[in-house]
Amino acid sequence: MTEESTDSTGQRFIEDMVRVRGIEFARLGMTVEVYGDTGTIQGMNANANLQVVFQDQGKHGSHAHNCHPTHCVKYFDAAGVAIAHYDDTGCVFRPPQSAA
């Protein structure tokens, strides 16, 4: 995949996550923790759920898993700092949303 197609795929991912889920901070390649297991966002499916590959491939296998983006998930920035957290009841914290 060329850098240009990777950039356009990443941009489309962001646009679709904002449009369908209202999540503007998620990025391809971002580290997430789902139900306590760490993984990496690889994409999103037709339902706008995250496709996550988990680090513990002995437990989860090497394939991408369908994960709801706002249920029992934490999002981490490049420095490893949690920037958003959703538990089983909803949003615990997230970056402020900009006014549209």
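Select Arg19 to begin: at 61% relative accessibility, this residue counts as exposed. Keep in mind as you click around that the model is predicted. Now add Asp16 to the selection and look at the gap between the two side chains. Asp16 and Arg19 form a salt bridge, with the closest N and O atoms 3.1 Å apart. Both residues sit in helix α1, and because they are three residues apart there, about one helical turn separates them. The two ends of this bridge have opposite surroundings: Asp16 counts as buried, at 19% relative accessibility, whereas Arg19 counts as exposed.

**More salt bridges**

How many salt bridges does a search of the whole structure find? There are four, and two more of them are worth a stop here.

Select Arg94 and Glu24. Their closest N and O atoms are 2.6 Å apart, and the two residues form a salt bridge. This pair links distant parts of the chain: Arg94 belongs to the segment after β7, Glu24 to the loop between α1 and β1, and their positions lie 70 residues apart in sequence. Glu24 counts as partly exposed, with 25% relative accessibility.

Next, select Glu33 and Lys74, another salt-bridged pair, whose closest N and O atoms are 3.8 Å apart. Glu33 lies in strand β1 and Lys74 in strand β5, so this bridge ties together parts that are 41 residues apart in sequence. Lys74 counts as partly exposed, at 26% relative accessibility.

**Along helix α1**

Go back to helix α1, which covers residues 3-21, and pick Thr9 within it. Thr9 is partly exposed, with a relative accessible area of 33%. For a distance label, try the C-alpha atoms of Thr9 and Leu28: they are 8.8 Å apart in space, while the two residues are 19 apart in sequence.

**The sheet**

Switch to a cartoon view and colour the strands. In which order do the seven strands of the open sheet come? Reading across, you should find β4-β3-β2-β1-β5-β6-β7, with antiparallel pairing. The edge strands are β4, at residues 65-67, and β7, at residues 90-93, and each of them pairs on one side only. Turn the view to follow the twist: on average, neighbouring strands of this sheet are turned by 35° against each other, ignoring direction. As background, strands of a sheet pair through backbone hydrogen bonds, either parallel or antiparallel.

Zoom in on strand β3, residues 50-54, and its neighbour β4. The two run antiparallel and are joined by three bridges. Pick Gln51, which is found in β3, and then Asn66, its bridge partner in β4. Is Gln51 buried or exposed? With a relative accessible area of 19%, Gln51 is buried; the cut-off for buried is under 20%. To see what surrounds this residue, show its contacts, leaving aside neighbours within four places in sequence. Gln51 is in contact with Thr40, Ile41, Gln42, Gly43, Met44, Asn45, Ala64, His65 and Asn66.

**Two cysteines**

Select Cys67 and Cys72 and display their sulfur atoms. Why is Cys67 not bonded to Cys72 through sulfur? The sulfur of Cys67 is 11 Å from that of Cys72, its closest cysteine sulfur, which is too far for a bond. For comparison, the cut-off for a disulfide is a sulfur pair within 2.5 Å. A search of the whole structure finds zero disulfides. Cys67 is buried, with a relative accessible area of 6%, and Cys72 is buried too, at 18%.

**The aromatic cluster**

For the last stop, show Phe25, Tyr75 and Tyr86 as sticks; they form one aromatic cluster. The count of aromatic pairs comes to two. In one of them, the rings of Phe25 and Tyr75 have their centres 5.0 Å apart and their planes at 85°, so this pair is edge-to-face. Phe25 lies in the loop between α1 and β1 (31-34), and Tyr75 in strand β5 (residues 73-76), so the pair ties together parts that are 50 residues apart in sequence.

Now shift to Tyr75 and Tyr86. Their ring centres are 6.4 Å apart and their planes are at 80°, so this pair is edge-to-face as well. Tyr75 is in β5 and Tyr86 in strand β6 (residues 82-87), eleven residues apart. Phe25 and Tyr75 are both buried, Tyr75 with a relative accessible area of 0%. Tyr86 is buried at 6%.

Conventions. Residues are numbered from 1 along each chain as its sequence is written. Side-chain values use heavy atoms; hydrogens and water are left out. Two strands pair if DSSP finds at least two bridges between them. Helices (H or I, at least four residues) and strands (E, at least two) are DSSP runs, numbered from the N terminus. Axes are lines fitted to C-alpha atoms, for helices over the stretch in contact, and angles run from 0 to 180 degrees between N-to-C directions. Buried means under 20% relative accessible area, exposed over 50%, partly exposed in between (1.4 Å probe, protein chains only). Contact means heavy atoms within 4.5 Å. Rings of Phe, Tyr and Trp (its six-membered ring) pair if their centres lie within 6.5 Å; planes under 30 degrees apart count as stacked, over 60 as edge-to-face and the rest as tilted.
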